[in-house]
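Me: Hey, I'm new to this one. Can I throw some quick questions at you while I look at it?

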Amino acid sequence: GGTESGGHELVAGEDGDTSVIQPAWSTKTGDLYYISDETGYYNLYRAGTEGTILPMEHDLGGSAPGWALGQQGYAFLDDGRVAASYSKDGRSVLLVADVGGDGKAVDVVEYGSDDGLPMMFGGVTPGGEGGVVYLTGGSPSTPTSVYRWDMERRDPATILACSSSLSFPEDVISTPELVEFPTTLGTAFGYYYPPKNDRFQSSDRAPPLLVKAHGGPTACTGTSFNAGLQFWTSRGYAILDVDYGGSTGYGRDYRRRLRGSWGIVDIDDVCAGARYLVEKGLADGDRLCIDGGSAGGYTTLGALAFKDVFKAGCSLYGVADLSALAADTHKFESRYLDGLVGPYKTDEDKELYKKRSPIESVDTLNCPILLLQGAEDKIVPPNQAELMHDALLKKGIPTALKMYENEQHGFRAATNIEDALDSELSFYSQVFGIKNVP
């Protein structure tokens, strides 16, 4: 037999369309706390208290999507105060507040990089000793690490463990700038990384630009050290890492922009970002390229098929056929497309899926495309890359398909990761007539 539970009480989300995440009990009072986007942003609530106890126009608890396991964007310190993180102007902020009363939080204090914290962080955990907290974070020059930080001393946070042994001199590390640019539905966001390598100089008026579309698609990018980005900026390319409409971390309305509009909003935004940087003189309009993995690969292929902005692109295990994805993907995302595109039932539904699929618009493709795919991918099956490759060959468009054996959705083997980067660099160099320097 099992244990029956009773006395259920609906605490939040009664409208069926409010996102409620990260419930936790206070270690001091036993009260139930949770994060909800009822106000339009992820704010902190206490069960039994009307309205948010910590109102702010930022997503509390970090910008990562709520569908990943093990996330907790806030924690209770030993004295009962709550500590939480959020992102502001491209940097993380640690917020500490007294929530012990019956009403709103009081004595709210904020800490940032000027107080010794890393540029980006999350996963705040109390240290059990005064004002000590542990967190994970990093910066453009520091790989994701576990830190110890004392909010009373405010010395630079101490790295206890690092996810990588890689280190590079500062003269080849590009520091990103958060940019906002106009797009179809208002404003979109991205991180601009200028080329950076002090050992080389260029007489070009503006650098080639590689636009990156993150996966998810309801996810976001970040600014911790990413060798895959610095690879490009140290070789003369600028990067625009786009948080297109639908990305998390910018409030509910922004996150909902993709509802029924995947393949429209994201494509509009990556194109708008590229055009914006060209207008600002930060990118060469004749040398624009785009890449992305998984959902970002779909955005990449869609931008190349439905728009005329980019001169080349690379899809890494990307979606080319929405109909095939709806019929053949893994259990966790089996009905994901219902919200992103629409139901897949009637002939009219299926026609919409067909219309949004890059594989169905090969006739409008007119620039070189590189396809990189894992042979064991269960999320985006290899046949999608093969179908796109065959269609491009038939049209006579320069293309290449590299199938990596024993790789799944996202490459794991270091040799394959390195080969993928080198292949993409070589591909664009041939398209743009750039001579690579070893």
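Me: How many bridges join strand β13 to strand β15, and which way do the two run?

Reply: Five bridges join them, and the strands run antiparallel. β13 covers residues 186-193 and β15 covers 238-243. One thing to keep in mind as we go: this is a predicted model.

Me: OK, noted. What's the bridge partner of Gly190 in β15?

Reply: That's Val242.

Me: And what order do the strands of that open sheet come in?

Reply: Eight strands make up the open sheet, ordered β12-β13-β15-β14-β16-β17-β18-β19. The pairing in the sheet is mixed.

Me: Which strands stand at the edges?

Reply: β12 (177-183) and β19 (399-404) do. Each has a single partner strand, so one side of each is left without a neighbour in the sheet. From one strand to the next, the twist averages 20°.

Me: What does helix α3 touch in the sheet?

Reply: Helix α3, residues 265-279, packs on the sheet and touches β12, β13, β14 (209-213), β15 and β16 (288-293). Its direction makes about 110° with that of β12.

Me: And which strands does helix α8 lie across?

Reply: α8 (residues 383-395) lies across β18 (369-374) and β19. Against β19, α8 runs at about 160°.

Me: Switching topic: where does β2 sit, buried or exposed?

Reply: Buried. Five of the five residues of β2 (32-36) are buried, so the strand is largely enclosed by the rest of the structure.

Me: Which way do the residues of β2 point?

Reply: Leu32, Tyr34 and Ser36 point one way, while Tyr33 and Ile35 point the other way. That fits the general pattern: in a regular strand the side chains alternate between the two faces of the sheet.

Me: What does β2 pair with?

Reply: On one hand there's β1 (residues 20-25), which pairs with β2 in the antiparallel sense over four bridges. In that pair, Ile21 stands opposite Ile35. Then there's β3 (residues 43-46), also antiparallel to β2 and also with four bridges. There, Tyr33 stands opposite Arg46.

Me: How many residues are in between, for each hairpin?

Reply: β1 and β2 form a hairpin with six residues between them, and Gly30 in that turn has a positive phi of about 85°. The β2 and β3 hairpin has six residues between its strands as well, and Gly40 in its turn has a positive phi of about 110°.

Me: Now pockets. What's the volume of the largest pocket?

Reply: About 1,400 Å³. The lining has 47 residues, and the closest to the centre are Cys220, Thr221, Gly222, Asn226 and Asp241.

Me: Which elements supply that lining?

Reply: β5 (82-88), β8 (120-126), β9 (132-139), β14, α1 (227-233), β16 and α9 (414-432) each supply at least two residues. By class, the lining of this largest pocket has 17 nonpolar, 26 polar and four charged residues.

Me: What about the second largest pocket? What's its volume, and what lies nearest its centre?

Reply: The second largest pocket has a volume of about 1,200 Å³. It's lined by 39 residues, and Asn197, Thr233, Ser234, Arg235 and Gly236 lie nearest its centre.

Me: Which element gives the most to that lining?

Reply: α1 does, with four residues. α9 supplies at least two. The class split for the second largest pocket is 20 nonpolar, 10 polar and nine charged.

Me: Last topic: how many cavities are there of 30 Å³ or more?

Reply: A search of the whole structure finds two. The largest cavity holds about 50 Å³ of space, and the second largest about 30 Å³.

Me: What lines the largest cavity?

Reply: Its lining residues include Leu301, Tyr317, Leu371, Gln384 and Met388. β18 and α8 each supply at least two residues of that lining. It divides into seven nonpolar, four polar and no charged residues.

Me: And which residues line the second largest cavity?

Reply: Ile21, Gln22, Tyr42, Leu60, Gly61, Gly62, Ala64 and Gln71. Ile21 is the residue that stands opposite Ile35 in β2. Here the classes come to four nonpolar, four polar and no charged.

How values were computed:
Residues are numbered from 1 along each chain as its sequence is written. This is a predicted model: local features need pLDDT of at least 70, side-chain atom pairs count only at pLDDT 80 or more; totals for chains, interfaces and linings use all residues. Side-chain values use heavy atoms; hydrogens and water are left out. Two strands pair if DSSP finds at least two bridges between them. Axes are lines fitted to C-alpha atoms, for helices over the stretch in contact, and angles run from 0 to 180 degrees between N-to-C directions. Contact means heavy atoms within 4.5 Å. On a 1 Å grid over the protein atoms alone, a cavity is a set of points where a 1.4 Å probe fits but cannot get out, and a pocket is an open set with protein on both sides within 12 Å along at least five of seven lines; lining residues have an atom within 4 Å of a point. Grid points are joined across faces, edges and corners, and a volume is the space filled by probe spheres set on the points. Ala, Val, Leu, Ile, Met, Phe, Trp, Tyr, Cys and Pro count as nonpolar, Asp, Glu, Lys and Arg as charged, and the others, Gly among them, as polar. Buried means under 20% relative accessible area, exposed over 50%, partly exposed in between (1.4 Å probe, protein chains only).
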